[in-house]
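This report introduces a protein model to a reader who has not met it before. Please look over the sequence and the structure before reading on.

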Amino acid sequence: MSEPLLHPHHPTLGDELMHLRRIVADMGELVDTAITQATSGLAERDVTMCARVIADDALVNDRQRELRELSFSLIVNQSPDERELRETIGLLNMSSELERMGDHCVSIAKLARNLADLPPLETYVDVPKMAAYCSDQVRGILAAMVSRDVIQARRIAAGDDRVDRIYHRLFDDLIQMMTEDNTTVFRATNLVFIAHHLERIADRVTNIAEDLVFLDSGAIEELG
C-alpha cells in the first residue's frame with residue numbers, strides 16, 4: 001500500500017499576523033534610515049547619501065507589496081475574527097503611511113541634491129532643526145508601534161503642533177527672503193518644498209498613532 005501523502009504545513013492565522021507585524025517593523029526601520037540619510041544628506045550636502053535614499057525606496061515598496069498580498073490572502077483564506085481583522089487592517093494602514101513617508105524622504109533627497117553645490121542660506125538653520133525633530137517623531141512612533149504603546153502614541157501625536165509651528169515660521173522667513181533678494185529664489189523654493197515634505201512626514205506619524213489607537217480599541221479617533 002502506498003504511503004499517505006504528507007500535507008505541507010500551512011501557516012496558521014497567528015503565524016501570518018506575526019509575519020505582517022514583522023514586515024511593518026522592517027518597513028519602519030527602512031523609513032527611519034531613509035529620513036536619517038535624507039536629512040543628513042541635506043545638512044552635509046552629500047549627494048551620494050541622497051542617491052542611496054532614492055535607490056533604497058524600492059525596498060520599502062517591495063515590503064509594502066508583500067504585506068498587501070499577505071493581508072488580502074489572510075482575509076480571504078483564514079476567516080479572521082473581529083480583533084484579527086482589525087489588526088490586519090491596522091497594519092495595512094500603517095504600512096501605507098510608512099510607504100508614503102518613504103516617498104517624502106525620496107523627495108527630500110532629490111531636493112537636497114539640487115542644493116548640494118550651492119552656497120547655503122541663512123534661514124537654512126531651522127530646516128535641520130525641523131528635520132531632527134521629525135526624525136525623533138518617526139523613531140518614537142516606531143517604538144510605540146513595536147511595543148503597542150497607545151499612551152506613547154498619543155503623546156507623540158501631540159508633538160505634531162511643534163512641527164507645524166516650525167514649518168509656518170520657516171515658510172514666512174523664506175518667502176520674505178525671496179521678496180528681499182531674488183538671487184535666493186531657487187534655493188529658498190527648494191527649502192520650502194523640503195520643509196513641506198517634513199511636515200507631511202509628521203502628519204503621517206499622527207496617522208500611525210491613530211492606527212495604533214484603532215488597533216487597541218477599535219475606535220477611530222482624530223489625534224491631530
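How many residues does the largest nonpolar core have, and which of those have the most contacts inside it? The largest nonpolar core has 65 residues, and L98 and I194 are those with the most contacts inside it. At least two residues of this core come from each of α1, α2, α3, α4 (126-147), α5 (150-158), α6 (160-180) and α7 (185-217). Helix α7 supplies the largest share, 14 residues. A nonpolar core is here a set of buried Ala, Val, Leu, Ile, Met, Phe, Trp, Tyr and Cys residues joined through side-chain atoms within 4.5 Å. In soluble globular proteins, nonpolar side chains tend to be buried together.

The model is predicted: local features need pLDDT of at least 70 and side-chain atom pairs count only at pLDDT 80 or more, while totals for chains, interfaces and linings use all residues. Residues are numbered from 1 along each chain as its sequence is written, and side-chain values use heavy atoms, with hydrogens and water left out. Helices are DSSP runs (H or I, at least four residues), numbered from the N terminus.

On the surface, F72, I75, V76, L85 and I89 make a nonpolar patch of about 420 Å². Two or more residues of the patch are given by each of α2 (47-77) and α3 (82-115), and α2 gives the most, with three residues. Such a patch joins nonpolar side chains (Val, Leu, Ile, Met, Phe, Trp, Tyr) within 5 Å, from residues with over 30% relative accessible area and no salt bridge. A salt bridge would be a side-chain nitrogen of Lys or Arg within 4 Å of a carboxyl oxygen of Asp or Glu. I75 lies in helix α2 and counts as partly exposed because its relative accessibility is 32%; the class lies between buried (under 20%) and exposed (over 50%), with a 1.4 Å probe and protein chains only.

Two loop residues have a positive phi although neither is a glycine.

| Residue | Phi | Loop | Relative accessibility |
|---|---|---|---|
| R45 | about 55° | between α1 (13-43) and α2 | 26%, partly exposed |
| S79 | about 45° | between α2 and α3 | 62%, exposed |

At the start of α3, a side-chain oxygen of D81 reaches to within 3.1 Å of the backbone nitrogen of R83. The 34 residues of α3 should span 50 Å at 1.5 Å a residue, and the end C-alpha atoms of α3 are 50 Å apart, which agrees. The expected span is 1.5 Å times one less than the number of residues.

Key: Patch = residues over 30% accessible without salt bridge, like charges linked within 9 Å, V, L, I, M, F, W, Y side chains within 5 Å. Areas by Shrake-Rupley, 256 points an atom, 1.4 Å probe, with all protein chains shown as cover. Polar contact = N/O pair within 3.5 Å; in protein donor to acceptor, adjacent residues only side chain to side chain.
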